[in-house]
Amino acid sequence: MKFFIDTASLSQIKEAQDLGVLDGVTTNPSLMAKEGISGEDRVRRHYVDICNIVDGPVSAEVIATDFADMVREGEELAALHPNIVVKVPMTRDGVKALKHFSGKGIRTNCTLVFSPGQALLAAKAGATFVSPFIGRLDDVSTDGVALIESIRTIYDNYSYATEILAASVRHPMHIIQCAEVGADVATCPLSAITALFDHPLTTIGLEKFLADHRKAASVKA
Ligand code: E4P
């Protein structure tokens, strides 16, 4: 499974990149705003800065909501850097835009997906990635991981190439559950990725190995 980091923070992206397990980045307008990035030029420079850190897909979301403007904005975003993936919302115009971009060889990420039917439409339109928001479903007492499982079945039934990018991941168990049901990618906060490293028995085991090594060395001396 690929790991993307879900942030616009350059320091967090660098930290995740240094871990050696990062495959890409997703952003959205809220994450850009959180970092204080605003204005078209500033936003676009920030995308390029991210692309220069991570050699993998970097999702840049269109702000336009009608087809013609989405196409114009998406093509401009795609021209910024070869790593850019144009992120398009799951709307009627969005699906038309996905189809357009797919015909032009521009990679896309269909965002704000909350149902198997929406994921089916995104795949039919040729989306490169589909982003089911599992945490936001859990927030409204609906099983987010079950949605990933359902999309996996549908895509496998018809051999759709669209990759399932589990989004709105909140904690390490989401990552494990998504891996169990066959998500292709999980986009996660840095904290959820780093939490995977830790286990108390690893810490205790390593302390014991090192203590035994020191003991043996002192006996020999
Ligand atoms: C996906 O690409 C989105 O940026 C993101 O995962 C949304 O997560 P949230 O529900 O934590 O805002």
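Colleague: What makes the pairing of R136 with the ligand a polar contact?

Modeller: In this predicted model, a polar side-chain atom of R136 lies 2.7 Å from an oxygen atom of the ligand. The limit for such a pair of N or O atoms is 3.5 Å, so the R136 pair counts as a polar contact. N28 also places a polar side-chain atom 2.7 Å from a ligand oxygen, and for R170 the distance is 3.0 Å. The protein covers 85% of the 340 Å² of accessible area that the ligand has on its own.

Colleague: How do you know which residues surround the ligand?

Modeller: A residue is included if one of its heavy atoms lies within 4 Å of the ligand. The residues around the ligand are D6, T26, N28, L31, K87, F133, R136, A167, S168 and R170. By class, this shell has three nonpolar, three polar and four charged residues.

Colleague: What makes the space taken by the ligand a pocket, and which one?

Modeller: A pocket is an open set of grid points with protein on both sides, and the space taken by the ligand is the largest pocket. The volume of the largest pocket is about 400 Å³. It is lined by 24 residues, and those closest to its centre are D6, N28, L31, S168 and P189. Two elements, α2 (29-34) and α10 (190-195), give two or more residues to this lining. The largest share, three residues, comes from α2.

Colleague: What makes α3 (40-53) notable in the lining of the second largest pocket?

Modeller: α3 gives the most to that lining, with four residues. The second largest pocket holds about 190 Å³ of space.

Key. Residues are numbered from 1 along each chain as its sequence is written. This is a predicted model: local features need pLDDT of at least 70, side-chain atom pairs count only at pLDDT 80 or more; totals for chains, interfaces and linings use all residues. Side-chain values use heavy atoms; hydrogens and water are left out. A polar contact is a pair of N or O atoms within 3.5 Å; within protein, one must be able to donate a hydrogen and the other to accept it, and residues adjacent in sequence count only if both atoms are side-chain atoms. Accessible areas come from the Shrake-Rupley method with a 1.4 Å probe; for residues, only the protein chains shown count as cover. On a 1 Å grid over the protein atoms alone, a cavity is a set of points where a 1.4 Å probe fits but cannot get out, and a pocket is an open set with protein on both sides within 12 Å along at least five of seven lines; lining residues have an atom within 4 Å of a point. A molecule sits in a cavity or pocket if more than half of its atoms lie within 2 Å of its grid points. Ala, Val, Leu, Ile, Met, Phe, Trp, Tyr, Cys and Pro count as nonpolar, Asp, Glu, Lys and Arg as charged, and the others, Gly among them, as polar. Grid points are joined across faces, edges and corners, and a volume is the space filled by probe spheres set on the points.
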